[in-house]
Every structure is written in C-alpha cells, then in structure tokens.
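Please open the model in your viewer and keep the sequence beside it, since this tour moves from one selection to the next and says what is found at each stop.

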Amino acid sequence: KTFKLMSNINTKSGNAGGLTKIVSKTITVSLSAYTSGDVVGGVQTITDGLYGAGGTGILQSVTIIDVDARSAAFTIDIFSQQPQGTYPDNGAYTLVTADSAYLIARVSVVAGDYVTAGGKGVATVTSLNIPVFATGTANLYALISTTSTPTWTATTNLSIVWGILQD
C-alpha cells in the first residue's frame, strides 16, 4: 500500500495546527444601574482575533473578570464584521436586522459560572469550539448584553478575555 502524508500547515501563517490567540479587553461600563437586556460597553472589537484579513478560527473560551464581583449574567453575540446599528452602553439591546447577517456566534455567561478569586468575580466558559470567521479584517466584534441588573463602582471594573484558536 502507498500512504500519502497529510499536511496540516496553515498557508497564511506557516504554522502547523493553528495558533492560540488571547485577546484581553477592559470594557468601559457606566456607573448607572443596568437593567436586563441592556448593552454593556457598546460594540467591542476583538482586535486581530484571527490571523489576517478574512481569517478563520475557533472560539475556545470567554473569561469575564469583574472587579466588583457582581456575578452578572451576560449574553455575548459575536459578529464577523463591525455591526452598523447603534448600540450604546446601558441602552436596550435590539439587534438591527442588517447586522443579523453577520452574527456568527452566541455565548451565555450565567451567575453560576463565577468563582471568587482575590475578591474579584471570574467566570470562564470553556470548550466552546465555535467556528468563527472575519469579513475583510482580522477583527471580530461583540455585543455584550446583561440578563441581570449589575452596577459597577468604576468604569474600568469589567474585563473580558477571548481565547481563540486561529487557523
């Protein structure tokens, strides 16, 4: 028998099996109370989340770090290109029809996902294995909405960390 050796080398990056990309972002939040269904922080850019313009990958994990330990529940929508609708922080989240064409993933973070570490609330959702792609750039975009009623004590008390396996 003759066997053919298969190559799993990314032709863009030259790496075998992909690259792990960690993107951390502090989300600017309001000091006013949020209500369930509000946008948290406006549109978030996951800068260079993928390798090169039009890149692909697998969203592996999402970690929320909440300095105030509010254990807020969130729904996180991921987009392949920047949403064009108006999504202000602490305003009601209503997805614009045109933006729904670019919605490629949804991740839920619930209060039970949190643990307390150093007085901070930390929630990590793992094993997502969601295929993602970017349109025209290497960036992904996210809209985070709360399904609870958090209030933060400083505008920089919420962060998110994205774990992406780049193709």
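## Aromatic rings

In this predicted model, begin by selecting Tyr34, Phe74 and Trp152, which form one aromatic cluster. The structure holds three aromatic pairs, and the rings of tyrosine 34 and tryptophan 152 can be taken as an example: their centres are 5.3 Å apart and their planes stand at 80 degrees, so the pair is edge-to-face. Colour the chain by element and you will find tyrosine 34 in the loop between strand E1 (19–27) and strand E2 (39–46), while tryptophan 152 sits in the loop between strand E9 (140–146) and strand E10 (158–166), so the pair ties together parts that are 118 residues apart in sequence. Both tyrosine 34 and tryptophan 152 are buried.

Next, select tyrosine 87 and tyrosine 93, whose ring centres lie 5.8 Å apart with planes at 70 degrees, so this pair too is edge-to-face. Are these two rings buried or exposed? Tyrosine 87 has a relative accessible area of 5%, which means that it is buried, and tyrosine 93, with a relative accessible area of 16%, is buried as well, because the cut-off for buried is under 20%.

## Nonpolar cores

Now show the largest nonpolar core, which has 32 residues; the members that touch the most other members are Val40, Leu59, Ile64, Phe74, Ile76 and Trp162. The largest share of this core, four residues, comes from E10. Centre the view on isoleucine 64 and, leaving aside its neighbours within four places in sequence, look for its contacts, among them Phe74, Ile76, Val109, Tyr114, Val122, Leu158 and Ile160. Apart from the largest core lies another one, of six residues, and its members include Phe79, Tyr87, Tyr93 and Tyr141.

## Aspartate 38

For the last stop, select aspartate 38, which lies in the loop between E1 and E2 and, at 7% relative accessibility, counts as buried. Which residues is aspartate 38 in contact with, leaving aside its neighbours within four places in sequence? They are Asn90, Gly91, Ala92, Tyr93, Ile144, Ser145 and Thr146. If you then draw a distance from the side chain of aspartate 38 to the backbone nitrogen of threonine 35, the value to expect is 3.0 Å. Finally, add serine 148 to the selection: the C-alpha atoms of aspartate 38 and serine 148 are separated by 9.0 Å, although these residues are 110 residues apart along the chain.

Technical notes
Residues numbered from 1 in each chain as written. Heavy atoms only, no water. Phe/Tyr/Trp six-rings, centres within 6.5 Å; stacked < 30°, edge-to-face > 60°. Helix = DSSP H or I, 4+ residues; strand = E, 2+ residues; numbered from the N terminus. Buried < 20%, exposed > 50% of the residue type's maximum accessible area, 1.4 Å probe, protein only. Core = buried A, V, L, I, M, F, W, Y, C linked by side-chain atoms within 4.5 Å. Contact = heavy atoms within 4.5 Å. Polar contact = N/O pair within 3.5 Å; in protein donor to acceptor, adjacent residues only side chain to side chain.
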